[in-house]
Amino acid sequence: MHRFPSRSALRRSLTPLALACGLATTGLAHAAPQAQLHQQAQQAQAAYLDTLRDLVHIESGSKDVEGVKKIADYVAGKLRALGGKVEVIAPSDVYRLDDTPEQVGPMVHATFQGKGKSRIMLIAHMDTVYLPGMLKDQPFRIDGDKAYGLGIADDKQGVALILHVVELLKKQGIDDYGQLTVLINGDEEISSPGARSTITRLGAEQDAVFSYEGGGSDGGVRLATSGIGAAYLKVQGKASHAGAKPEDGVNALYELSHQLLQMQDLSKPEQGLKLNWTVAKAGTNRNVIPAEATAQADARALKVADFGALEQAMQAKVGNKLLPASKVELKFEVRRPPLEASEAARKLALHAQSIYDKELQLSMRVMDKATGGGTDAAFAALKSKGGVIEGFGLSGYGAHSNDAEYVQINTIVPRLYLSVRMIQDLSRGAVK
Ligand SMILES: [Zn+2]
């Protein structure tokens with residue numbers, strides 16, 4: 001998400017002539033509806049930008065639960081108007097992480113019944129990393145080929161895309177999918193403590209999941225992301241006077257040091273597993289044997305199973321103490337599992353690539369090696385047999401920054417078109 005745009009490929013115009021040529025050379029049977037779809041996608045651009053402005057103008061930082069509720073109501077209202085069965089769900093099964101707030105924002109869950117069999121889910125998140133009051137410095141505005149605004153790239157563009165994709169499906173009369181599920185959560189930026197179990201449960205039922213985080217600077221899609229974990233060590237010792245009676249104490253700092261040293265070589269760089277201790281605290285006064293010491297480690301993995309194995313290895317080490325009278329506790333949290341590229345995802349991505357290439361004359365990069373931090377796509381893929389693709393959103397720049405977050409307006413039409421075509425082809429069994 002944090003690369004500078006190279007827009008030359010995206011600037012190529014999508015004229016009806018170019019479209020017609022693409023169709024002529026590929027010889028697809030459904031030439032007319034696709035030209036009509038492309039025209040409808042073009043016509044939807046203005047309405048899309050209106051929706052995007054509305055979404056940007058509702059502040060919805062992850063910890064601003066009132067703001068998240070407000071945006072959830074807006075999204076739910078739009079999905080209801082499109083004929084969905086819609087629920088706003090307050091998470092009940094919350095995975096408590098170190099920084100999980102007391103209250104976690106709701107998610108919007110919508111389903112649309114079709115006449116066929118395929119099950120497809122579209123996901124995005126409506127929360128942002130920003131604090132209330134920051135909108136006034138980054139209101140929605142259009143300048144040339146960019147739309148600016150707070151949270152616009154991450155991930156309000158994705159929410160707006162899903163809403164307008166569903167609308168285009170209706171306009172096109174496409175209803176030969178089995179069930180189309182939309183899930184928009186309100187806690188992604190705090191590692192989805194409330195939505196993760198729902199995303200995984202719904203993900204397991206799908207033939208395909210498209211996640212609408214931004215498509216980076218060049219519109220590429222991602223099939224793999226790295227997982228992020230955190231380890232917390234807490235050592236309980238016993239305080240005593242460091243000058244008069246040190247032997248009466250149990251030095252928590254010594255025990256912590258021993259634990260860190262025996263857990264310094266658990267990384268396996270050849271398979272992308274990394275564990276690094278980064279924060280430590282101990283003691284209160286120079287003349288007191290410290291009764292408590294704590295440390296934190298950052299963990300990264302490319303394979304879901306690696307975190308489990310790492311935690312086991314750490315728990316086994318904890319039992320080997322320097323000071324038997326100390327108490328050592330280890331807590332390991334999976335902040336986000338890795339997304340592993342699957343065969344099903346590769347197949348989907350190849351299909352998407354060919355739609356871009358043959359029907360829009362645009363190129364699309366498919367990244368199947370993890371390049372960056374995790375997203376909700378990883379939760380969707382945990383138990384899924386279907387393919388999961390990340391980065392179906394617009395191209396843009398500036399996520400999590402203090403100014404000038406924007407999206408590329410000329411990627412709206414291609415992304416709307418692509419999503420509808422993917423759902424259409426999955427529904428009629430045309431993704432081989
Ligand atoms: Zn995001």
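Here is a short chat about strands, unusual backbone spots and a helix pair in this predicted model.

User: Hi! I'm new to this one. Which strands does strand 9 pair with, strand 11 for a start, and how many bridges join them?
Analyst: Welcome! Keep in mind that this is a predicted model. Strand 9, residues 227–236, is joined to strand 11, residues 292–301, by 10 bridges. The two run antiparallel.

User: What stands opposite Tyr232 in strand 11?
Analyst: That would be Gln296.

User: And how many bridges join strand 9 to strand 12?
Analyst: Nine bridges link strand 9 with strand 12, which covers residues 327–336. This pair is antiparallel too. For a pair to look up, try Ile228, whose bridge partner in strand 12 is Arg336.

User: Switching topic: where is there a cis peptide bond?
Analyst: Look between Asp154 and Asp155, where omega is about 10°. Asp155 belongs to helix 5, which spans residues 152–172. As background, most peptide bonds are trans.

User: What about phi? Which residue has a positive phi of about 70° although it is not a glycine?
Analyst: Ser191 does. In general, most residues other than glycine have a negative phi. Ser191 sits in the loop that runs between strand 6 (179–185) and helix 6 (196–203).

User: Is Ser191 buried or exposed?
Analyst: Ser191 is buried, because 23 other C-beta atoms lie within 10 Å, and the cut-off for buried is 20 or more.

User: What is phi for Ser192?
Analyst: Ser192 has a positive phi as well, about 50°, and is not a glycine either. Ser192 is also in the loop between strand 6 and helix 6. It counts as buried because it has 30 C-beta neighbours inside 10 Å.

User: Back to helix 5, then. At what angle does helix 5 pack with helix 11?
Analyst: The angle is about 55°, and the axes of helix 5 and helix 11 (residues 412–427) are 9 Å apart. So helix 5 is oblique to helix 11.

User: Is that crossing left-handed or right-handed?
Analyst: Helix 5 and helix 11 make a right-handed crossing.

User: Which residues of the two helices meet?
Analyst: From helix 5 you have Leu161, His164, Val165, Leu168, Leu169 and Gln172. They meet Arg415, Leu416, Ser419, Val420 and Ile423 of helix 11.

User: How many nonpolar, polar and charged residues has the contact of helix 5 with helix 11?
Analyst: Seven are nonpolar, three are polar and one is charged.

Technical notes:
Residues numbered from 1 in each chain as written. Predicted model: local features only at pLDDT ≥ 70, side-chain atom pairs only at ≥ 80, totals over all residues. Pairing = 2+ DSSP bridges. Helix = DSSP H or I, 4+ residues; strand = E, 2+ residues; numbered from the N terminus. Buried ≥ 20, exposed ≤ 12 C-beta atoms within 10 Å, placed from the backbone. Axes fitted to C-alpha atoms, helices over the stretch in contact; angles between N-to-C directions. Parallel < 35°, antiparallel > 145°, perpendicular 65-115°, else oblique. Left-handed = near helix turned anticlockwise from the far one by under 90°. Contact = placed C-beta atoms within 7 Å. Nonpolar A, V, L, I, M, F, W, Y, C, P; charged D, E, K, R; others polar.
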